[in-house]
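I opened a new notebook page for this chain. My plan was to look things up one at a time and write down what came back.

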Amino acid sequence: MTRSLSRPSRRTVLGGGAVAALAAATGAAPAGATERGAAWPTEFPLPDGWLPEGITIGRGPYAYMGSRADGAVYRTDLRTGEGRVVHEGGTGLAAIGLKLDHDGLLYVAGGGGGTARIIDSRTGALLRTHRLTDPAGHFVNDVVLHGDRAWFTVSWGPVLYGVPRGRRGEVRALELTGDWEHTPDVINANGAVSTPDGRGLIVVKMAAGELYRVSLRTGRASRIRLTGADDVVNGDGLVRVGRTLYVVQNRDNLVSVWDLDARSRTSTLRRTITDPRFDVPATAARFGNRLYLVNARFTSPQTPETTFTAVAVRR
């Protein structure tokens, strides 16, 4: 596969809504940041053939996006839309979901390879690889940072894996029990975020279109009651800001916006976000008052010549 390592083969830079530096994972943007970010682009390209699925943004105005083609990681400056490959990946690797920690480490879900990789976002160096599952018959899909671990979802098995955020500690396998019923031959667990009270995780069951609250102490999964819509089918990436939950429903080309109750037992549909630029968006990341989404284009040819973009919408 041939692609540019310094910038994509084409650029689309459009003015858009305001963006701002993110003060903390669920905090507000600093005063004055809205005006300063008014001219930042709302659409930018990725290299041809990139095959994106995951996106993560930290406190600085940089988005990191992984490649299903070879596990590489691309970084884009949100202020300009310019980007470059920061981690080269390799044959047989994939980067599905990924999250950037406050120390600059990227935790990357390895898809069908069954791994969790830890990459230095500043140098692009691969620091560690954890073998979570057998390299066949499993799919490590997404990751959320919570407490002292990075928790990885597995789509073809009723289990979460907790990788230590640091050099010490063992990987923990957490079996999903309670209301969770694994369905063979479909995508089960996909995106995940922490609950508003910090006591567990919210995990979307993609094919069934269900949301679950998961205890990280016991693995018990309790189904969240939905009000305003029957399901969140095709639910992929999740973003939570306070008690507002954003569910990216990829093949529906929309983001559903939900209000969670204090204990994440019920979720009420507030509205949906759609955009003509959506082309099967897989996951999203928040920066200021925008959501940035990568278009996975699952319904289009997945070739080295296929073009890909990320887009921003007001949240």
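The entries below go from the whole chain to single residues and then to the empty spaces.

**Entry 1: confidence**

I began with how far to trust the coordinates. This is a predicted model. The average pLDDT of the chain is 90, and 88% of the residues reach at least 70. Then I looked for the weak part. Over residues 1-35 the pLDDT stays under 50. The model still has 95 contacts beyond four places in sequence for that stretch. I noted the stretch and took my local features from elsewhere, where pLDDT is at least 70.

**Entry 2: the whole chain**

How many helices and strands does the chain have? I found one helix and 26 strands. I then asked for burial. Of the 315 residues, 56% count as buried. I also looked at contacts between residues at least 6 apart in sequence. Of these, 49% join residues at least 24 apart.

**Entry 3: one open sheet**

I picked a sheet of five strands. This sheet is open, its strand order is 14-18-17-16-15, and the pairing is mixed. Which strands stand at the edges? They are strand 14 (177-178) and strand 15 (189-194). Each has a single partner strand, so one side of each has no neighbour in the sheet. As a reminder to myself, strands of a sheet pair through backbone hydrogen bonds, parallel or antiparallel.

Next I looked at one pair inside this order. Strand 17 (residues 210-215) and strand 18 (residues 220-223) run antiparallel, joined by three bridges. I checked one position across the pair. Arg213 stands opposite Ser222 in strand 18.

**Entry 4: salt bridges**

Side chains of opposite charge can pair when their charged atoms come close. I searched the whole structure and got nine salt bridges. I wrote up three of them.

The side chains of Arg165 and Asp101 meet at 2.5 Å, N to O. Arg165 sits in the loop between strand 12 (159-164) and strand 13 (172-175), and Asp101 in the loop between strand 6 (98-100) and strand 7 (105-109), so this pair ties together parts that are 64 residues apart in sequence. Are the two partners buried or exposed? Arg165 is partly exposed, at 26% relative accessibility. Asp101 is buried, at 7%.

The second pair took me back to the open sheet. Glu210 and Arg223 form a salt bridge of 3.2 Å, N to O. Glu210 lies in strand 17 and Arg223 in strand 18, so the salt bridge ties together parts that are 13 residues apart in sequence. Glu210 counts as buried, with 12% relative accessibility. Arg223 has a relative accessible area of 47% and is partly exposed.

The third pair is Asp259 with Arg270, at 2.7 Å, N to O. Asp259 belongs to strand 22 (residues 254-260) and Arg270 to strand 23 (residues 266-273), so this pair ties together parts that are eleven residues apart in sequence. Asp259 counts as partly exposed at 30% relative accessibility. Arg270 counts as partly exposed at 42%.

**Entry 5: Leu226**

I wanted one residue in detail and took Leu226, in strand 19 (residues 225-227). Why does Leu226 count as buried? Its relative accessible area is 17%, and the cut-off for buried is under 20%.

What is Leu226 in contact with, leaving aside neighbours within four places in sequence? I listed Gly209, Leu211, Asp231, Val232, Trp258 and Ser267. I followed up Trp258. Leu226 and Trp258 are 32 residues apart in sequence, and their C-alpha atoms are 8.9 Å apart in space.

**Entry 6: cavity and pocket**

I then turned to empty space. The count gave one cavity of 30 Å³ or more. The volume of the largest cavity is about 40 Å³. Its lining includes Gly54, Lys99, Asp142, Leu238 and Thr283. Which strands each supply at least two lining residues? They are strand 2 (52-57), strand 6, strand 20 (235-241) and strand 24 (281-287).

Last, I looked up the second largest pocket. It holds about 300 Å³ of space. It is lined by 15 residues, and the closest to its centre are Asp197, Arg199, Arg213, Val214 and Ser215. Strand 17 and strand 18 each supply at least two residues of this lining. Strand 17 gives the most, with three. I had already met Arg213 in the sheet, opposite Ser222.

Definitions and conventions. Residues are numbered from 1 along each chain as its sequence is written. This is a predicted model: local features need pLDDT of at least 70, side-chain atom pairs count only at pLDDT 80 or more; totals for chains, interfaces and linings use all residues. Side-chain values use heavy atoms; hydrogens and water are left out. pLDDT is the predictor's confidence in each residue, from 0 to 100. Contact means heavy atoms within 4.5 Å. Two strands pair if DSSP finds at least two bridges between them. Helices (H or I, at least four residues) and strands (E, at least two) are DSSP runs, numbered from the N terminus. A salt bridge is a side-chain nitrogen of Lys or Arg within 4 Å of a carboxyl oxygen of Asp or Glu. Buried means under 20% relative accessible area, exposed over 50%, partly exposed in between (1.4 Å probe, protein chains only). On a 1 Å grid over the protein atoms alone, a cavity is a set of points where a 1.4 Å probe fits but cannot get out, and a pocket is an open set with protein on both sides within 12 Å along at least five of seven lines; lining residues have an atom within 4 Å of a point. Grid points are joined across faces, edges and corners, and a volume is the space filled by probe spheres set on the points.
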